[in-house]
Every structure is written in structure tokens, then in C-alpha cells.
Amino acid sequence: MITFDNVSKKYSNDHVAVKALNVEIKKGEFFVIIGPSGCGKTTLLKMINRLIPLTEGTIWINGKKISDYNIHELRWSIGYVLQQIALFPHMTIEENIAIVPELKKWSKTKIQKRVEELLELVGLEPEKYRQRKPKELSGGEQQRVGVIRALAADPEIILMDEPFSALDPISRTKLQDDLLEMQRTIQKTIVFVSHDMQEALKLGDRLCVMKDGEIVQIGAPQEIVQNPVNDFVQQFIGINAVNNRFDIQAIMQPIVTTSELRDTIFVNEPLTNILQKFTQHNVLGVEEDGKIIGMVTRATILQYLAEDFKERGHAHD
Ligand code: ADP
């Protein structure tokens, strides 16, 4: 668990980038920090592994102040993925992945096994890729290696700073899907910075919306979409526009079994009501003229919202 207790960051030019921030990031959760450019996302992220020193307050990791950790111990136990992965160009893919395990003095056999396991995890055949140099890989493949390099020594926490934003849309979608799939198995605490609402909705267990160095709202994706705390969040997610276009029948699925359906929504129910009900249920029946005509899952709704943002190019810079 990562706890921010009244944390502020003032840069040397007196700019306060993060203001008295309090937040708890739970173990194993996918926590997405989202907000317009310059709102303090990267500063917040980099304070966790002490790449940026904080000015006031305390950050705790598993009950221990980050300032009490040995800096190497801290950095090695936190994976870090940047927008432009800086793989070392003269080293092979295997050597690049092995950096932290080597520093931690793992045995050769253990390292080799780990490299294989990780390459397989992201669909890069070990025999084909381990001896290649970074320039012999596509941008998407390099970014995959960047992600598994951060996982190499099995850190409990992974920090990701817009890791997919430099990729083309197809690779980006693929890597997002892979990361979600991977997270199902590895269950790490992931702190992920994004300025793209579509990405945030798709990936996050919880989203933390920031503005001018402050947290405006924290909640599950459906809570934020359903109940934005103010005009800023409302505009940022563009909920009104979605509501007007929303048609449940376009995403409804045939009913597999009625035993799962604990609640229903009406065919013309506003999106905000639907999201409210999804805070309690994973699947809802769709009712028309007293009959259940289909069902909708929470995952489908979130996917719909994510697609909608994508279509409108609703990214904020
Ligand atoms: P974001 O990641 O949301 O784009 P940042 O955390 O990078 O925001 O920056 C937050 C604010 O702090 C911005 O106004 C930025 O200009 C400022 N800032 C970032 N780094 C420095 C620095 N080293 N010195 C002074 N100001 C900085």
C-alpha cells in the first residue's frame, strides 16, 4: 500500500506542482492518475520512487516512510516504465531485461528462466528475441520489453508514466489489452499516469482526477462517469455528450441465464442511472414492456464509454 500524507512539491522556481495531497493506493490495485497536461501527474508519480524529492508531507510504502528506505532497495522494489522506453542500444534484449536481477545478484539460471517467462508473457518468442538488439524490434515490441523489464525482479509496485502514448493506435490498444490480461495474473500495485480518458476508463480499478496540483475526484471509472463532482470533471469526461447518444440496444447481449440477473434497467434508462446500478452489480437485465429482452455487463458499458471517448478523440493535452 502507498500512502500520501499531506504531500506537497514546490519546485525551485516556487511553482507548487502538488498541493497537500492525501491518498491511499491499495495493494494490487490499478490506479490511474488522469488530468490535463501540467496538473502534477508526473511529479506525483516520481515522488514515489524518490526520483523527485518531496517538499512537505510523507509518503509511506507498506507502513515505512520512503525516506527510510535504502534508495537502491526502494528503486529495485518499484518497476518504472516511461513513455519512451530507453532500452540500452548495445545490449541484447535479454541483457536489458536482466539489469535489475543482475544488480540483485540472481543466479544465471534464475535470470535466464525469468527472461524466458517474461518474453512469453508478452508474446515475444524467447528464442527469436532474446539475442536481438533493441533496434531490431518495432516500437511496440520495444515498449513491451520496457514493460517486462520493469517486472523483471518481481517488484510489488509498478509506476507507468504514459507508457503507451508514443505508440500508434493499434499497438497502443494491443499493449493496453496485454497489460490488463497480465495484471489479472500478476496483481501488482500499478500507478499509471495518463491524459487520455479512454485509456483511464479501460485500465483503471480507480481513477484519480487531478487539476492544478490537487485531486479533484477519486473513484471507480463508473462512479466518476456517473457522478462527476464538478464541472471540471464533467467536462473532462464529456458525460453529457455520451448520454445523449447512448443506446442500450446497441450493446445489449442475449440472455445466457436469468439466474445472474439481480436487477434490471429499462431500455430507455439514462446512462447515469445505469452506472449507478453497476456500482452494485456486474450484470443487469434490460427490460421493455415488462419483459427482459437482453442483458448488459459492466465491462461492456465501460468498453462502450472508452470507445466513445476514442471516437471523439477526447484526449486532453
Ligand atoms: P503533468 O505530468 O500532469 O503534465 P508535471 O508533474 O510534469 O505535470 O508538472 C506539474 C507542473 O510543475 C507543471 O506546471 C510543470 O511546468 C511544473 N514543473 C515540472 N517540473 C518542473 C521543474 N523541474 N521545475 C519547475 N517546474 C516544474
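Me: Two strands count as paired if DSSP finds at least two bridges between them; what makes β1 and β4 a pair here?

Reply: In this predicted model, strand β1 (residues 2-10) and strand β4 (residues 56-61) share 5 bridges in the antiparallel sense, and this meets the requirement of at least two. Strands are DSSP runs of E with at least two residues, helices are runs of H or I with at least four, and both are numbered from the N terminus. Within this pairing, Ser8 stands opposite Glu56 in β4.

Me: Why are β2 and β5 called edge strands?

Reply: The open sheet has 4 strands in the order β2-β1-β4-β5, with antiparallel pairing. β2 (16-25) and β5 (64-65) are its edge strands, since each of them pairs on one side only.

Me: What makes the contact of Lys27 with Glu156 a salt bridge?

Reply: The closest N and O atoms of Lys27 and Glu156 are 3.5 Å apart, and the criterion asks for a side-chain nitrogen of Lys or Arg within 4 Å of a carboxyl oxygen of Asp or Glu, so the pair qualifies. Lys27 sits in the loop between β2 and β3 (30-34) and Glu156 in the loop between α7 (139-151) and β7 (157-161), so the salt bridge ties together parts that are 129 residues apart in sequence.

Me: How do you know whether Lys27 and Glu156 are buried or exposed?

Reply: The relative accessible area decides, with buried meaning under 20%, exposed over 50% and partly exposed in between (1.4 Å probe, protein chains only). Lys27, at 59%, therefore counts as exposed, whereas Glu156, at 32%, counts as partly exposed.

Me: What makes Arg144 and Asp178 a salt bridge, and how accessible is each residue?

Reply: Their closest N and O atoms are 2.8 Å apart, which satisfies the 4 Å limit. Arg144 belongs to helix α7 and Asp178 to helix α8 (residues 169-186), so this salt bridge joins parts 34 residues apart in sequence. With a relative accessibility of 11%, Arg144 is buried, and Asp178 is likewise buried, at 18%.

Me: Which parts of the chain does the pair of Arg206 and Glu29 link?

Reply: Arg206 forms a salt bridge with Glu29, the closest N and O atoms being 2.7 Å apart. The pair links strand β9 (residues 206-211), which holds Arg206, to the loop between β2 and β3, which holds Glu29, 177 residues apart. Both Arg206 and Glu29 are buried.

Me: How many salt bridges does the structure hold?

Reply: The structure holds 14 salt bridges, and Glu94, Glu116, Glu127 and Arg130 are linked in a network of them.

Me: On what basis are residues numbered and values computed?

Reply: Residues are numbered from 1 along each chain as its sequence is written, and side-chain values use heavy atoms, leaving out hydrogens and water. For this predicted model, local features need pLDDT of at least 70 and side-chain atom pairs count only at pLDDT 80 or more, while totals for chains, interfaces and linings use all residues.
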